Amino acid sequence: MAANKLKLSPLIAFLLLASMAGMSRAGNIAVYWGQNGNEGTLADACNSGLYAYVMVAFLSTFGNGQTPVLNIAGHSSDGISSDIQTCQSQNIKVLLSLGGGSGGYGLSSTDDARSVADYLWNNFLGGSSSSRPLGDAVLDGIDFDIETGNSAHYDELATFLSQYSSQGKKVILSAAPQCPYPDASLGPALNTGLFDNVWVQFYNNPPCQYASGDASNLLSAWSTWTSSITAGSFYLGLPASTDAAGSGYIPPSDLTSAVLPGVKGSSNYGGIMLWSRYYDVQNNYSGQVKDSV
Ligand SMILES: *[C@@H]1O[C@H](CO)[C@@H](O)[C@H](O)[C@H]1NC(C)=O
């Protein structure tokens with residue numbers, strides 16, 4: 001009888017651990033990389049083990065018949081193709097981010113949306129082109145960080161990109177609206193319901209961001225976003241340090257005690273998004289919060 005008990009105990013321990021792991025299902029951290037040459041390489045970011053998604057920022061010029069421009073300020077694109085593969089070998093998804101806070105971009109017509117979709121497919125995804133700015137590596141998807149210009153035709157761009165998923169590897173679509181709902185630039189695109197990940201920027205917008213000791217504006221905006229838009233999952237987009245945004249920084253202890261408990265209950269919670277890898281290196285924000293995300 002005693003021997004039986006001894007045999008059972010490892011099984012019981014295993015079941016206990018498995019159920020605990022299930023109960024505390026962790027969220028992911030997504031991060032923007034590319035806008036500061038002092039943030040280390042893309043491979044460094046992935047090898048940190050902190051992130052599930054890295055968005056390469058930005059394709060800052062596209063549309064209206066312009067020749068698209070990839071701006072990865074201060075970084076060389078040499079070796080980046082193998083860095084992307086280093087990330088992907090660790091099951092980290094690498095996306096190309098369109099737009100950003102400055103740059104000349106916008107879509108003028110359905111045909112323009114179609115031609116940008118084809119350009120992205122041939123130059124960054126599964127198609128082929130002699131110009132591929134990041135080399136042969138096939139990115140996992142496209143991120144919409146549309147912050148200027150009007151919102152026209154981005155819904156069509158999302159639709160055209162999603163249709164490429166039928167050619168093999170799924171094209172992941174993500175978007176980074178700002179927290180006032182609906183988003184001025186991404187509203188119609190998000191209404192397609194085609195986005196896998198929506199990282200809402202809870203910063204530079206006092207009416208819907210965290211205020212010292214008061215999460216009510218943020219939690220109310222989170223609830224509006226997660227109940228109004230159909231998407232795979234929602235992420236809390238945050239500055240990784242006080243220098244990363246004009247306002248909206250949440251100290252790690254406030255995040256874990258006052259904010260995460262209010263958002264993790266949503267069935268479509270995915271984790272947090274950070275702007276950016278550079279500020280995360282400076283402030284070790286991910287390192288401080290990852291066990292609670
Ligand atoms: C980041 O913070 C975590 C948690 O406090 C700590 O364990 C880790 O050593 C820190 N990393 C760096 C590079 O400071």
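Here are four short exercises with worked solutions on the predicted model shown above.

**Exercise 1: an aromatic pair**

Decide whether the rings of Phe62 and Tyr105 are stacked or edge-to-face, and find where in the chain the two residues sit.

*Solution.*
- Step 1. A pair of rings is described by the distance of the centres and the angle of the planes.
- Step 2. For Phe62 and Tyr105, the centres are 5.3 Å apart and the planes differ by 10°.
- Step 3. Planes under 30 degrees apart count as stacked, so Phe62 and Tyr105 form a stacked pair.
- Step 4. Now look along the chain: Phe62 belongs to the loop between β2 and β3, and Tyr105 to the loop between β4 and α4. With these positions 43 residues apart, the pair links distant parts of the chain.
- Step 5. Both Phe62 and Tyr105 are buried.

**Exercise 2: a contrasting pair**

Classify the pair made by Tyr278 and Tyr279, then work out why Tyr278 counts as buried.

*Solution.*
- Step 1. The ring centres of Tyr278 and Tyr279 lie 5.0 Å apart, with 80° between the planes.
- Step 2. An angle over 60 degrees counts as edge-to-face, and that is the class of this pair.
- Step 3. The relative accessibility of Tyr278 is 18%. Buried means under 20%, so Tyr278 counts as buried.

**Exercise 3: the neighbours of strand β9**

Find out which strands pair with β9, and in which direction they run.

*Solution.*
- Step 1. Start with β1 (residues 28–33): four bridges join this strand to β9, and the two run parallel. Within this pairing, Asn28 has Gly271 as its bridge partner.
- Step 2. Go on to β8 (residues 233–239), which is parallel to β9 and joined to it by six bridges. Here Gly237 stands opposite Met273.
- Step 3. Follow the chain from β8 through helix α8 (residues 252–263) to β9: together they make a right-handed β-α-β unit.
- Step 4. Check how covered β9 (residues 269–275) is: seven of its seven residues are buried.

**Exercise 4: Ile272 and the nonpolar core**

Name the residues that touch the most other members of the largest nonpolar core, and list some contacts of Ile272.

*Solution.*
- Step 1. The largest nonpolar core has 76 residues, and Phe144, Leu157, Leu236 and Ile272 touch the most other members.
- Step 2. Helix α4 gives the most to this core, with six residues.
- Step 3. Leaving aside residues up to four places away in sequence, Ile272 touches, among others, Asn28, Ile29, Leu236, Leu260 and Val293.
- Step 4. A second, separate core has 17 residues, including Ala30 and Met55.

Notes:
Residues numbered from 1 in each chain as written. Predicted model: local features only at pLDDT ≥ 70, side-chain atom pairs only at ≥ 80, totals over all residues. Heavy atoms only, no water. Phe/Tyr/Trp six-rings, centres within 6.5 Å; stacked < 30°, edge-to-face > 60°. Buried < 20%, exposed > 50% of the residue type's maximum accessible area, 1.4 Å probe, protein only. Pairing = 2+ DSSP bridges. Right-handed = clockwise from strand over helix to strand, strands pointing away. Core = buried A, V, L, I, M, F, W, Y, C linked by side-chain atoms within 4.5 Å. Contact = heavy atoms within 4.5 Å.
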